[in-house]
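Trainee: Could you pick one stretch of this model and walk me through it closely? I'd also like to know how it sits in the rest of the fold.

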Amino acid sequence: MNTGTTKAERTRNFIIEKTAEIFNRKGYAGTSMSDITEATGLTKGSIYGNFENKEEVALAVFEYNRSLVFNTVQAQLNKAPTYFEKMMVYGRVYKDVIASIGNRGGCPILNTAVEADDTNVPLQLSAAKALLNWKKNLVNLIEKGTEAGEFRQGIQAEEMAVSIIALIEGGVMFSKVTNDYTHMDRVLATVQLLVKGMKA
């Protein structure tokens, strides 16, 4: 019987899933090889048999953690019938996203961006790519919503997209540092106000 995945792929996925929360909580520098072997129950040899080094594990884990957030948001976007409602998803769903990822160490994009900076270029590039894709998706929604007559003409889509992302990520940071997630409510209310202000 062919399950579609090889034993090596299943082992890689197992390592990623078992270490995802550790990397998200402790960061790349703070996660040791013994953390990885302890979480997985595998030997160092088995880890290195599936990944070239710790950095490769970290990159795979970042993509896994990022996709958890992306898939949660995407599921809500798919249900939203209009471009306005799709934009409002960002003002609503992040409360649930933050609640779920808060238990897993916070937002992987923010965590990785803060830690990686110039010390780990591949991780920094992964975080940058995630942010730029998010911005591109928002710009696309705003432009399509404007074409459909849902949003007023003259909106600077890129500026609006960057502002929304900065608000959400800033809200995540503020909430996490203070351990008070009511700050996220205020930030998301502001995101909703921005989106309502775009209506035609």
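Mentor: Let's start with burial: a residue is buried when its relative accessible area is under 20%, exposed when that value is over 50%, and partly exposed in between, using a 1.4 Å probe and protein chains only. By that rule Thr37 counts as buried, because its relative accessible area is 18%. Before going on, keep in mind that this is a predicted model, in which local features need pLDDT of at least 70 and side-chain atom pairs count only at pLDDT 80 or more, while totals for chains, interfaces and linings use all residues. Residues are numbered from 1 along each chain as its sequence is written, and side-chain values use heavy atoms, with hydrogens and water left out.

Thr37 sits in helix α2, and that's the part I'd zoom in on. Helices here are DSSP runs of H or I with at least four residues, strands are runs of E with at least two, and both are numbered from the N terminus. Helix α2 covers residues 33-40, and its buried residues are Met33, Asp35, Ile36, Thr37 and Thr40. What lies over them? The cover includes α1 (7-30), α3 (44-50) and α4 (54-79). Thr37 itself, once you set aside neighbours within four places in sequence, is in contact (heavy atoms within 4.5 Å) with Leu42, Thr43, Lys44 and Ile47. Just past the end of α2, Gly41 takes a positive phi of about 75°.

Two of the helices covering α2 are also tied to each other. Glu56 and Arg12 join their side chains in a salt bridge, at 3.4 Å from N to O; the term means a side-chain nitrogen of Lys or Arg within 4 Å of a carboxyl oxygen of Asp or Glu. Glu56 belongs to α4 and Arg12 to α1, so this pair connects parts that are 44 residues apart in sequence. Both partners are partly exposed, Glu56 at 27% and Arg12 at 28%.

Further along α4 there's a local pair: Glu63 bridges to Arg66, with the closest N and O atoms 2.6 Å apart. These two are three residues apart in the helix, so about one helical turn separates them. That fits the general rule: an α-helix has 3.6 residues a turn, so residues three or four places apart point the same way. Glu63 is partly exposed at 37%.

Now step back to the whole protein. It has nine helices and zero strands, and 40% of its 200 residues count as buried. Of the contacts between residues at least 6 apart in sequence, 67% join residues at least 24 apart.

Helix α2 feeds into the largest nonpolar core too. Such a core is a set of buried Ala, Val, Leu, Ile, Met, Phe, Trp, Tyr and Cys residues joined through side-chain atoms within 4.5 Å. This one has 50 residues, and Met87, Tyr90, Tyr94 and Ile168 touch the most other members. At least two residues each come from α1, α2, α4, α5 (83-102), α6 (108-116), α7 (121-147), α8 and α9 (182-196). Take Tyr94: leaving out residues up to four places away in sequence, it touches Val69, Val73, Val89, Trp134, Ile168, Met184 and Leu188.

For contrast with buried Thr37, look at α5, where Asp96 lies. Asp96 is exposed, at 53%, and its C-alpha is 9.5 Å from that of Val73, 23 residues away in sequence.

Over on the other helices, Lys135 and Glu158 make another salt bridge, the closest N and O atoms being 2.8 Å apart. Lys135 is in α7 and Glu158 in α8, 23 residues apart, so to speak a link between distant parts of the chain. Glu158 is partly exposed at 47%. Helix α8 (residues 157-178) also holds Phe174, which is partly exposed at 43%. Together with Met173 and Val177, Phe174 makes a nonpolar surface patch of about 310 Å². Patch members have over 30% relative accessible area and no salt bridge, with like charges joined within 9 Å and nonpolar side chains (Val, Leu, Ile, Met, Phe, Trp, Tyr) within 5 Å.

Notes: Accessible areas come from the Shrake-Rupley method with a 1.4 Å probe; for residues, only the protein chains shown count as cover.
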